[in-house]
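Hi everyone, thanks for making time for this one. Have a look at the sequence and the structure while I talk, and feel free to stop me along the way.

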Amino acid sequence: RQWTGGLEESFHRERIRVEMDTERRSIDSLLRARELYRARREALEDDEEATREALKEIAIRGLFIVRQMMLDEQQRIYIARRAFAKRQQAERDAFAGDERDARLDIR
């Protein structure tokens, strides 16, 4: 009977030790999982910040490109207006020349 009691007590102690080890491993796993989650969350926040910065850079470059396109268009308009004004002036000069020639013919 004493031997059986000692065996039961030993079995009971072993069962408690195994349960405590299991609990400790569970807690360690939870702590590791929490740490991994925190690290992933921080990495995502860093990624989000990097993404925001990249989007800002893209927007700035896009605005610069649009501004450059507008300046190019303004320059093309200016050149076209100058060419048109020169053509008109040449036509006026030619017409004035014709009138002068006509006046000279009349005299």
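Let me begin with a definition, since I will lean on it throughout. A residue is called buried under 20% relative accessible area, exposed over 50%, and partly exposed in between. Take Glu73 as a test case: its relative accessibility is 37%, so Glu73 counts as partly exposed. Please also keep in mind that what you see is a predicted model.

Now the overall picture. The protein has 1 helix and 0 strands. Helix 1 covers residues 2-106, and the protein has 107 residues, of which buried ones make up 2%. About 10400 Å² is exposed by the protein, and 58% of that comes from carbon and sulfur atoms.

Let me turn to the charged side chains. Side chains of opposite charge can pair when their charged atoms come close. How many salt bridges does the count come to? The count comes to 11 salt bridges, and I will walk you through some of them.

Start with Arg13 and Glu9. These two form a salt bridge whose closest N and O atoms are 2.1 Å apart. Where do they sit relative to each other? Both are in helix 1, and because they are 4 residues apart, about one helical turn separates Arg13 from Glu9. As for accessibility, Arg13 counts as exposed, at 52%, while Glu9 counts as partly exposed, at 45%.

Moving along the chain, we come to Glu35 and Arg38. Their side chains meet in a salt bridge, at 3.0 Å from N to O. Here the spacing within helix 1 is 3 residues, so Glu35 and Arg38 are again separated by about one helical turn. Glu35 has a relative accessible area of 44% and is partly exposed; Arg38, with 29%, is partly exposed too.

Back to Glu73, our test case. Its partner is Arg76, and the side chains of the two meet in a salt bridge at 2.9 Å, N to O. Glu73 and Arg76 both belong to helix 1 and are 3 residues apart, about one turn of the helix.

There is also a network. Which residues does it link? Salt bridges connect Glu14, Arg17, Asp21 and Arg24. I would like to pause on Asp21, which is found in helix 1. Is Asp21 buried or exposed? With a relative accessible area of 19%, Asp21 falls under the 20% cut-off and is therefore buried. The side chains of Asp21 and Arg24 are also joined by a polar contact of 2.8 Å.

Finally, two patches on the surface. Glu42, Asp46, Asp47 and Glu48 form a negative surface patch. Asp47 lies in helix 1 and is partly exposed, with a relative accessible area of 46%. The other patch is nonpolar: Phe64, Ile65 and Met69 make it, and its area is about 330 Å². Ile65 is in helix 1 as well, and its relative accessible area of 48% makes Ile65 partly exposed.

To pull this together: we have a predicted model with 1 helix and 0 strands, a count of 11 salt bridges, a negative patch that includes Asp47 and a nonpolar patch that includes Ile65. Thanks for listening, and over to you.

Notes: Residues are numbered from 1 along each chain as its sequence is written. This is a predicted model: local features need pLDDT of at least 70, side-chain atom pairs count only at pLDDT 80 or more; totals for chains, interfaces and linings use all residues. Side-chain values use heavy atoms; hydrogens and water are left out. Patches are made of residues with over 30% relative accessible area and no salt bridge: like charges are joined within 9 Å, nonpolar side chains (Val, Leu, Ile, Met, Phe, Trp, Tyr) within 5 Å. Accessible areas come from the Shrake-Rupley method with a 1.4 Å probe; for residues, only the protein chains shown count as cover. A salt bridge is a side-chain nitrogen of Lys or Arg within 4 Å of a carboxyl oxygen of Asp or Glu. Helices (H or I, at least four residues) and strands (E, at least two) are DSSP runs, numbered from the N terminus. Buried means under 20% relative accessible area, exposed over 50%, partly exposed in between (1.4 Å probe, protein chains only). Lys and Arg count as positive and Asp and Glu as negative; His and the chain ends are not counted. The place of a charge is taken as NZ of Lys, CZ of Arg, CG of Asp or CD of Glu. A polar contact is a pair of N or O atoms within 3.5 Å; within protein, one must be able to donate a hydrogen and the other to accept it, and residues adjacent in sequence count only if both atoms are side-chain atoms.
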